[in-house]
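This report covers two topics, cysteines and the ligand site. Please look over the sequence and the structure before reading on.

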Amino acid sequence: NNNNIFRKTIAWIDREAISSNVRNQLSRMNGTTKLFAVVKANGYGHGAIEVAKAAKRGGATGFCVAIIEEALELRNHDSFKDDPLLVMGLSHPNEAPIMAKKKISITVTNLEWLQDALLFMSQQQKNSQNGASTQPLLPLNVHVAVDTGMGRIGLTSVEDLAKIQSFFNQHSAYFKFEGIFTHFATADSTDSTLYAIQFEKFHRMLSSLAKKPTYVHISNSASALYHNPPIWCNMIRFGIAMYGLNPGGKSIPSPFPLKQALSLVTELVHVKRVKEGDTIGYGATYKAKEGDWIGTLPIGYADGWRRDLQGQTVLIQGERCEIIGRVCMDQCMIRMPREYPVGTQVVLVGKSEKDEITLQELSDKLNTIHYELACCFTNRVPRLYF
Ligand code: PLP
């Protein structure tokens with residue numbers, strides 16, 4: 001419902017771009033490999049529900065998130081009552097019963113976690129047998145994370161994996177070994193030395209299993225784009241590329257054109273002509289030249305339009321205008337080549353006539369990555385969808 005949106009500073013999300021990025025990636029794979037759309041962090045700032053719907057239209061058959069709340073947001077929505085959902089971060093063992101009940105798959109890295117979770121699961125089962133709940137507990141779906149070199153979460157030895165596998169065999173009423181995965185530290189790098197080491201380690205761990213789980217997955221976007229998933233993998237975790245952003249930035253080209261889903265627009269709220277020496281903004285860091293046309297934009301660092309974007313350009317009718325003076329909390333000022341009326345559209349991210357500002361351009365300017373920028377537009381910026 002867009003009726004309550006008064007603000008003219010808007011993040012427009014192109015849902016077809018998302019569907020098409022998913023479709024294009026699926027068409028490069030072998031037809032049996034599943035694509036799970038990574039929609040954590042509110043769909044990398046794009047809006048988790050709408051992104052997930054668009055990804056599903058493009059052929060995604062499951063979704064990955066980082067925390068339980070994000071999984072519940074999807075599960076409690078009518079469009080995602082039954083879709084596979086995987087929480088890739090770690091949870092507390094006391095969350096096991098609710099995850100089981102909601103059919104949310106969970107990431108586990110050690111036997112102790114499972115032993116603790118078993119206590120909570122069996123307690124819950126007793127409660128339901130005593131009539132406290134009528135629903136029998138389903139087995140909790142577990143994906144085992146293997147740390148092959150990312151150094152973040154995951155088990156590291158064949159022995160630990162074997163212990164977990166025998167635990168699953170003993171407690172199949174409560175736990176299902178649904179997946180095994182690893183995550184690469186340098187899939188987006190031109191140097192594939194560590195990638196190859198991680199790949200080999202994971203394959204060795206996988207080969208030690210008597211029976212493979214339903215899902216074996218190693219690829220994030222970079223891995224899926226630049227290294228074809230091997231035949232023994234049957235799922236990829238597709239994040240940044242689905243939003244149309246190339247994980248390798250400018251260093252590795254994407255094998256197919258990615259369509260950036262997000263644009264950010266606003267409009268001029270104030271326009272003036274200034275005199276030589278007039279100052280603009282906090283700290284008076286900009287001194288005007290005679291006759292400069294200055295426009296004020298209703299966007300600032302409280303919107304995630306960062307303060308160090310001073311000096312960045314924005315687009316009016318395809319022409320670049322520089323942000324001059326410091327970016328304030330809610331506003332910033334630009335120097336324009338000529339007078340434009342209040343209400344003129346200004347493109348901060350996206351296309352304007354023949355020019356385009358990408359999140360890649362902004363992240364280069366800010367010495368960060370486009371992932372961070374997309375996530376950091378705040379709730380004050382309405383997301384609208386077309
Ligand atoms: N898999 C895991 C374990 C992740 O943490 C992430 C995101 O950081 C992804 C997949 C998705 O990565 P990307 O957005 O680079 O595709």
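## Cysteines

The structure contains zero disulfides, a disulfide being a pair of cysteine sulfur atoms within 2.5 Å. Cys-233 is in no disulfide, and the nearest cysteine sulfur, which belongs to Cys-64, is 13 Å away. Cys-233 is buried, at 2% relative accessible area. Buried stands for under 20% relative accessible area, exposed for over 50%, and partly exposed for values in between (1.4 Å probe, protein chains only).

Cys-376 is likewise in no disulfide. The nearest cysteine sulfur is that of Cys-375, 6.0 Å away. Cys-376 is partly exposed, with 36% relative accessibility.

## Basis of the values

This is a predicted model, in which local features need pLDDT of at least 70 and side-chain atom pairs count only at pLDDT 80 or more, while totals for chains, interfaces and linings use all residues. Residues are numbered from 1 along each chain as its sequence is written, and side-chain values use heavy atoms, with hydrogens and water left out.

## Ligand surroundings

The residues around the ligand (a heavy atom within 4 Å of it) are Val-38, Lys-40, Tyr-44, Met-88, Arg-152, His-183, Asn-220, Ser-221, Arg-237, Gly-239, Ile-240 and Tyr-371. This shell divides into five nonpolar, four polar and three charged residues. In this grouping, Ala, Val, Leu, Ile, Met, Phe, Trp, Tyr, Cys and Pro count as nonpolar, Asp, Glu, Lys and Arg as charged, and the others, Gly among them, as polar.

## Atoms beside the ligand

Which atoms of the ligand do polar side-chain atoms of Lys-40, Tyr-44 and Arg-237 lie beside? For Lys-40 the partner is an oxygen atom of the ligand, at 2.7 Å. Tyr-44 has a polar side-chain atom 2.5 Å from an oxygen atom of the ligand. For Arg-237 the ligand atom is a nitrogen, at 2.7 Å. On its own the ligand has 400 Å² of accessible area (Shrake-Rupley method, 1.4 Å probe), and the protein covers 91% of that.

Notes: Polar contact = N/O pair within 3.5 Å; in protein donor to acceptor, adjacent residues only side chain to side chain.
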